[in-house]
Amino acid sequence: MMSYKSEERDISDSEFQEEYELRKYEYLKRERIRVLNSVYGCPYCIGKRYYHPKELPQHASNLDRGSQRRTRGEQARHRALERYVRRYLCVEDSSEPSTTTESPAVCDRDRERLFVWPWMGVVANIPTQVKDGRRVGESGSKLRHELATKGFDPVTVHPLWSCFGHSGLAVVEFKKDWDGFNNAIMFEKDFDLNHCGKKDYVTILERDRGQRLYGWIARDDDYKANGLLGEHLRKNGDLKTVCGKEAEDQRKDAKLLCNLTSTLKEKYDHLREMEIRYEETTQSLIKVMDQKDSMVKSYNEEIRKMQQIAHDHFAKISLEHEKATQQLLAKREELVQCEKKLQQREVQIENERSKLLLEKKMNETATLEQEKADKSVLRLKERKGEASQENN
């Protein structure tokens, strides 16, 4: 748990109580209250008791008003807790607090005062020691870590060095936004609560300051001062009032709003133009798609017709081929039969030819024999005629 013993000193003054409460309120805005199973833990009470979101404001209110034994520091812390819970914690869920930046927490008399911007703080009376003829002190990173631990969220810490070494002064730079300004104010209030502010630093003699650090937010008197501090502030910052910074932010916001409005109008006009183009392109695409569908449908119909024609033609050719094949087979069978008949007739003709040749040969032989016979008869007749003549 956090220790608050050093913070209980001198919180009796009502103004300091309000400032202390405001500081704790700002701390709660930067940190998260511990959540366990949708219940919240009080960051200021010892122990591990948790409260329902509806119970936590009542707990803070009871500790603020209900006990005389509570120190004013505890009461101020719980008032800050009650204020934080009622503003930032939703009783229906455990969502994180809003990060909206509030107006700077300064009184009216400080709103017209000149501050150094970017917001800066001054830390003085930093312990130094002589080493090798030069003064040395703690590093800026160590001091930055200490300030960050207290919740002031510094950006950088610049120790100021001279030709003699560490000057015992450091400039703390905070963020440039209003959160950074509030952190700078809380930084100053923290030192004021411990009587270590600028007024104390100026009025207390150097030998009586001891080892305590003094700090305050950098204002116009620091900016215009001679020496290392003034030179560093003038080199790295400007003077601005809270009202002036607010007016500047408002002008920037107004300009930004005007630019954003103009940009939004341009974007809207461009969007409308794109929508019109989109509609035209969509209609054209729909028309093209319809034409494509029609072409595809026609193409498919033509392909179907061509396939049907090809199928019918193939069927016709197949039928004709089958018919021709049957005719060829029949013709072949007919030719085979004719061939057989021709072969038979050829055999028969050959037989008849052989027979005729034989008959021809026999006829010729008979003719020759007849001729021979005729010749013999003729010779006999001649012989008989000669004989008769001789007889006569």
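The exercises below, each with a worked solution, concern a predicted model of one protein chain.

**Exercise 1. The chain as a whole**

Task: Find how many helices and strands the chain has, and what percentage of its residues count as buried.

Solution: Begin with the secondary structure, where the chain shows 10 helices and 11 strands. Next, turn to accessibility: the chain has 392 residues, and 30% of them count as buried. Finally, consider how the chain folds back on itself: among contacts with a separation of 6 or more, 63% are between residues 24 or more positions apart.

**Exercise 2. A cis peptide bond**

Task: Determine which two residues are joined by a cis peptide bond, and what the omega angle is.

Solution: The first step is to look at the bond between Trp117 and Pro118, which is cis, with omega at about 0 degrees. The second step is to place Pro118 in the fold, and this residue belongs to the loop that runs between strand 4 (114-117) and strand 5 (120-124). The third step is to look at the ring of Trp117, over which the charged end of Lys240 sits, 3.8 Å from the ring centre.

**Exercise 3. Positive phi angles**

Task: For Asp153 and His195, give the phi angle, and decide whether each residue is buried, partly exposed or exposed.

Solution: Start with Asp153, which is not a glycine and yet has a positive phi, near 50 degrees. Asp153 is located in the loop between helix 5 (140-149) and strand 8 (156-162). Its relative accessible area is 30%, and a residue is called buried under 20% and exposed over 50%, so Asp153 is partly exposed. Continue with His195, whose phi is also positive, about 55 degrees, although this residue is not a glycine. His195 lies in the loop between helix 6 (178-193) and helix 7 (198-203), and with a relative accessible area of 36% it is partly exposed as well.

**Exercise 4. Salt bridges**

Task: State how many salt bridges a search of the whole structure finds, and then work out which parts of the chain the pair Lys198 and Asp222 ties together.

Solution: The search of the whole structure gives 13 salt bridges. In one of them, Lys198 pairs with Asp222, and the closest N and O atoms are 2.8 Å apart. Lys198 belongs to helix 7 whereas Asp222 belongs to helix 8 (residues 220-224), so this pair ties together parts that are 24 residues apart in sequence. The two partners can also be described by their accessibility, since Lys198 is partly exposed at 22% and Asp222 is buried at 4%.

A second salt bridge joins Lys240 to Glu248, with the closest N and O atoms 2.9 Å apart. Here Lys240 counts as buried at 15% relative accessibility, and Glu248 likewise counts as buried at 15%.

A third salt bridge joins Glu275 to Arg272, where the closest N and O atoms are 2.3 Å apart. Both residues lie in helix 10 (residues 242-391), and they are three residues apart, which is about one turn of the helix. Glu275 is partly exposed at 31%, and Arg272 is partly exposed at 38%. Elsewhere, Lys198, Asp221 and Asp222 are joined into one network by salt bridges that share partners.

**Exercise 5. The nonpolar core and the rings**

Task: Identify the residues with the most contacts inside the largest nonpolar core, and the helix that contributes the largest share of this core.

Solution: The largest nonpolar core has 45 residues, and those with the most contacts inside it are Trp119, Phe181, Phe187 and Leu233. The largest share of this core, seven residues, is supplied by helix 6. As background, nonpolar side chains tend to be buried together in soluble globular proteins. For the rings, the structure holds nine aromatic pairs, and a cluster linked by ring pairs includes Phe115, Trp119, Trp178 and Phe181.

**Exercise 6. The surroundings of Thr241**

Task: Describe where Thr241 lies, and name the backbone atom that lies 2.7 Å from a polar atom of its side chain.

Solution: Thr241 is part of strand 11 (residues 238-241), and at 15% relative accessibility it counts as buried. A polar atom of its side chain lies 2.7 Å from the backbone nitrogen of Gly244. When neighbours within four places in sequence are left aside, Thr241 is in contact with Arg111, Glu112, Arg113 and Leu114.

Technical notes. Residues are numbered from 1 along each chain as its sequence is written. This is a predicted model: local features need pLDDT of at least 70, side-chain atom pairs count only at pLDDT 80 or more; totals for chains, interfaces and linings use all residues. Side-chain values use heavy atoms; hydrogens and water are left out. Helices (H or I, at least four residues) and strands (E, at least two) are DSSP runs, numbered from the N terminus. Buried means under 20% relative accessible area, exposed over 50%, partly exposed in between (1.4 Å probe, protein chains only). A salt bridge is a side-chain nitrogen of Lys or Arg within 4 Å of a carboxyl oxygen of Asp or Glu. A nonpolar core is a set of buried Ala, Val, Leu, Ile, Met, Phe, Trp, Tyr and Cys residues joined through side-chain atoms within 4.5 Å. A polar contact is a pair of N or O atoms within 3.5 Å; within protein, one must be able to donate a hydrogen and the other to accept it, and residues adjacent in sequence count only if both atoms are side-chain atoms. Contact means heavy atoms within 4.5 Å. Rings of Phe, Tyr and Trp (its six-membered ring) pair if their centres lie within 6.5 Å; planes under 30 degrees apart count as stacked, over 60 as edge-to-face and the rest as tilted. A charge sits over a ring if NZ of Lys or CZ of Arg is within 6 Å of the ring centre and within 35 degrees of the ring normal.
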